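Please read the following walk-through alongside the sequence and the coordinates. It goes from single residues to the sheet, the cores and the aromatic pairs.

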Amino acid sequence: MTATPLLSSSSSCTTTPPTSSSSTTTTSHIRIFNVMQDLVKLHGTSRNTLEGRHKAEFEGDSLFHQFARAVCGAKVIPRKELFEAWTVALHVHDSFPNVSRIADLACSHGLVSWALLLLYEQTTTDHHNNHSPSEDDTSTTTTFTTAVCIDKFMSPSAEKLQSAMLETWPHLHDRWDYVEGDIDSIIPCSSTLLVAVHACSKLSDVVIDLALNSHAPLVLVPCCHSKKCLPQEYRQKKIDKVKIPNLADFIDTRRVKRLQDGHYKVEEVYIPLSITPKNRVLIATPSLVQPQEEENDDKDDKVLAQPQPPKAFGAKARFYKNFVIPIGNSSESKTMIKIIAGREAANQRKAPVPPMFGVCVILPPEGDITVDEFRSIIPENVTVRCLQPPDKPHVDEKSGMRTRTFRVIYVDLTSKKIAKECQIRLCHDISKKFPGARPRQFPR
């Protein structure tokens, strides 16, 4: 384990975190626990939002104090979440010192991802400065960790936090992305570390499924334990307290068992209770050898990595249709993330679909209508896009009738009723503009 920047000074706190019989808590994780307890005693923890005036409380030169001052500048983060995010980031950095790609799932404002980028950047820079390249090493580039945040809704606080962080560390601009999308749209990858802090209720199990399906490392802080997380046989109206004395422990023990059965080594560490009561952190490290599929199993490995179609209807279904989020470390995945990340891209995906109508035109016995000629009868005050019809008209084998179908998209209209009225006027103008031609039918 590598020492984290915050742990350079020894801690005077002697309180140790609770331990679990199913896991081992390493000395470094206990040290993180103790240091964070000391910080909380010094600065306090509450749900009150950190403001610019609180910067004076964090005047130290450590990376944590720089991070805290930037968080204060955002004016959107509760005090407790600062210490919570930094504690989780220290545990992640200590358990996985060599990570190139991080996916912060159900991330809200993405505070954990920013803490991780700073921690990994500092260790990468220190390593580069302390190890001069050998004569045989022709590579002069240093690879820094990148992060992608994913949540169903990109809150305004995420954008304010991004602005505050980039004001202090502008070079992180190309290393951080935020994608607004459903977790079911994610394509997991074994090269990307999955992090989920306070994944509520069954969302924790969905995140575990992503890790198991891709054999990816995972750091999970479960939250909101309820009977919905239990198997069907335990979902009676009244849970037998003798059988399940502590619901949270029972559910998380089953989750640990799932990960262990999937060839993961699982370690349980803890956030100080003074920061959050939901303080269990599951650190799951996959084995070096991936589990093999059974010989009679016809499923392809790639099938497991494909996202499941989200259960959505109406506008939400249009938003998520054919939408995937590749979180891998490849250049192709990163390029795709850059395209779909950010507020503007999310708004474009959620924009109402413009009305589209098709009009089948019966052509005169001799002659044709090109798409440019058809556009000429569209009023100038209406913006439309006409899809290119086939090169040759359609000819009915029995009647010999020649027809051509034009599809008209009303780009600047959101009301289907108004677009329909425009389409009806368009159909009336066809016979006036093109003698011998007529629409096969009018919109109903």
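**From loops to cores**

Serine 108 has a relative accessible area of 33% and is therefore partly exposed. The model is a predicted one. Serine 108 belongs to the loop between S1 and H4, and its phi is near 60°, a positive value in a residue other than glycine. Lysine 75 is another non-glycine residue with a positive phi, here of about 60°. Its place is the loop between helix H2 (63-74) and helix H3 (79-95). With a relative accessibility of 48%, lysine 75 counts as partly exposed.

These loops belong to a protein with 13 helices and 14 strands. The protein has 444 residues, of which 46% count as buried. Among its contacts with a separation of 6 or more, 73% are between residues 24 or more positions apart.

The sheet comes next. Seven strands make up an open sheet with mixed pairing, and their order is S3-S2-S1-S5-S6-S8-S7. Which strands stand at the edges? They are strand S3 (176-180) and strand S7 (264-270); each has a single partner strand, so one side of each has no neighbour in the sheet. On average, and with direction ignored, neighbouring strands of this sheet are turned by 15° against each other.

At the S7 edge, the partner is strand S8 (residues 280-286), and the two pair in the antiparallel sense over seven bridges. Within this pairing, valine 266 has alanine 284 in S8 as its bridge partner, and tyrosine 270 stands opposite arginine 280 in S8. Although S7 is an edge strand, S7 is mostly covered, with six of its seven residues buried.

S8 also pairs with strand S6 (residues 218-223): the two run antiparallel and are joined by three bridges. One bridge partner in S8 is isoleucine 283, which is matched with valine 219. Six of the seven residues of S8 are buried, so S8 is largely enclosed by the rest of the structure. As background for reading any such strand, side chains in a regular strand alternate between the two faces of the sheet.

At the other end of the strand order, helix H10 (residues 331-340) lies across strand S1 (101-105), strand S2 (146-151) and S3. The helix runs at about 60° to S3.

The nonpolar cores can be taken in turn. The largest has 59 residues, and the members that touch the most others are Phe67, Leu82, Phe83, Trp86, Trp114, Leu193 and Val195. Helix H4 (residues 111-130) supplies the largest share of this core, nine residues. What does phenylalanine 67 contact, leaving aside its neighbours within four places in sequence? The list is Leu82, Trp86, Leu111, Trp114, Ala115, Leu118, Met165 and Trp169. A second core, separate from the largest, has 29 residues, including Ala103, Ile150, Val207 and Leu259.

Phenylalanine 67 also appears among the aromatic residues: together with Phe58, Phe64, Phe83 and Trp86, Phe67 forms one aromatic cluster. Aromatic rings count as a pair here if their centres lie within 6.5 Å, and by this rule there are eight aromatic pairs. Phenylalanine 357 and tyrosine 410 make one such pair, with ring centres 6.4 Å apart and planes at 75°, so the arrangement is edge-to-face. Because phenylalanine 357 lies in strand S10 (residues 356-362) and tyrosine 410 in strand S13 (residues 402-410), the pair ties together parts that are 53 residues apart in sequence. Are these two residues buried or exposed? Phenylalanine 357 counts as buried at 13% relative accessibility, and tyrosine 410 counts as buried at 3%.

A ring can also have a charge over it. The charged end of arginine 175 sits over the ring of phenylalanine 144, at 4.1 Å from the ring centre.

Conventions:
Residues are numbered from 1 along each chain as its sequence is written. This is a predicted model: local features need pLDDT of at least 70, side-chain atom pairs count only at pLDDT 80 or more; totals for chains, interfaces and linings use all residues. Side-chain values use heavy atoms; hydrogens and water are left out. Rings of Phe, Tyr and Trp (its six-membered ring) pair if their centres lie within 6.5 Å; planes under 30 degrees apart count as stacked, over 60 as edge-to-face and the rest as tilted. Helices (H or I, at least four residues) and strands (E, at least two) are DSSP runs, numbered from the N terminus. Buried means under 20% relative accessible area, exposed over 50%, partly exposed in between (1.4 Å probe, protein chains only). A charge sits over a ring if NZ of Lys or CZ of Arg is within 6 Å of the ring centre and within 35 degrees of the ring normal. Two strands pair if DSSP finds at least two bridges between them. Axes are lines fitted to C-alpha atoms, for helices over the stretch in contact, and angles run from 0 to 180 degrees between N-to-C directions. Contact means heavy atoms within 4.5 Å. A nonpolar core is a set of buried Ala, Val, Leu, Ile, Met, Phe, Trp, Tyr and Cys residues joined through side-chain atoms within 4.5 Å.
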